[in-house]
Amino acid sequence: MVYIRFFIVPLCLLFSIVATASDVKNIRGEFTYYGDKNDSREQCRIQALQGARVQALAREFGTIISQDTYQRETMTDRDESSYFSSMSLTSVKGEWIADTGEPTYEYSLDDDGCYVVKCTVNGTAREISNEAAEFEALVLRNGTTTRHSDTHFRSGDDMYLYFRAPSDGYVACFLADDKENVYSLLPYQETADDDVKVRRGREYVFFDPEKADKAHGRVDELVLTTDDMERNSVYVVFSPKPFARALDNHTADDIPRSLSRDDFARWLAKSRRNDPKMGVRIMNIEITK
């Protein structure tokens, strides 16, 4: 029995890609992030930057409705803002290539002493294909049926993944934090295969020894732990075609294999660029003590 324990908070990935000059557009975005008492100044800065990039991409290219997002509306006497536990560039029909100049920030404190950060960013971007295959994926808490689907966890809770695809294909799963780490959850740690093959219409539950498909190898069991309040992003990648496994590294027996967020971003961007039918679903969960 393998228990994988780790501390987790959100990550917003920047997809660094190679594009021809004719594909590239210059875009600009602004976003104001309203933090809470759990957010540091640096965390608020990162969220504001990602929000500005997403806003710019969404305005230029539109959005893809293909993910679950934990969201809370925040009202102030000056403005209205949406807080996202993770801003994902895969939710828009564009990919951010690079900043043009340095982003600018305006910092202030609200009446409760929480940071408010406004970011303005200019950059280059390109449109992406929207041929991705649709599929169903749910994060499950302390149970292995769809009624256990949840985005709020407490420290010590078990996590499972429900998955169902419309066609035969291949799936991978990752967990991202904001400490430059992305953890590879599927394929399982002791599996030599580069991919996890799934069948059309079949319901799969990963990370449970009783329900998991034995053909996928020895099952890893996941327990989420924290000393405070944390947020993370679970990335589920599916394609009807095989795809190369991300080049990750083993760090410890009780910690998933991992790679840097930059390496993950490059791998995902390259994989999606080479495979327009590859889909990505992102589920953002919150863990409290």
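The paragraphs below go through confidence, strand pairing and nonpolar cores in this predicted model. Local features need pLDDT of at least 70 and side-chain atom pairs count only at pLDDT 80 or more, while totals for chains, interfaces and linings use all residues. Residues are numbered from 1 along each chain as its sequence is written, and side-chain values use heavy atoms, with hydrogens and water left out.

The mean pLDDT of the chain (the predictor's confidence in each residue, from 0 to 100) is 78, and 81% of the residues score at least 70. Over residues 1-22 the pLDDT is below 50, and over residues 65-90 it stays under 50. In the model, residues 65-90 have 79 contacts (heavy atoms within 4.5 Å) beyond four places in sequence. Where pLDDT is low, the predicted coordinates should not be read in detail.

Strand β12 covers residues 181-186 (strands are DSSP E runs of at least two residues, numbered from the N terminus), and five of its six residues are buried, that is, under 20% relative accessible area with a 1.4 Å probe, protein chains only. β12 pairs (at least two DSSP bridges between the strands) with β11, residues 169-176, antiparallel and through four bridges. Here C173 stands opposite L186. Strand β17, residues 257-260, is also antiparallel to β12, over four bridges, with L259 as the bridge partner of V182.

The largest nonpolar core (buried Ala, Val, Leu, Ile, Met, Phe, Trp, Tyr and Cys residues joined through side-chain atoms within 4.5 Å) has 36 residues. Its largest share, five residues, comes from strand β10, residues 157-164. M159 is among those with the most contacts inside this core; the residues M159 touches include L185, F207 and I285. Another core, of 17 residues, lies apart from it and includes I27 and Y33.

Note on methods. Buried means under 20% relative accessible area, exposed over 50%, partly exposed in between (1.4 Å probe, protein chains only).
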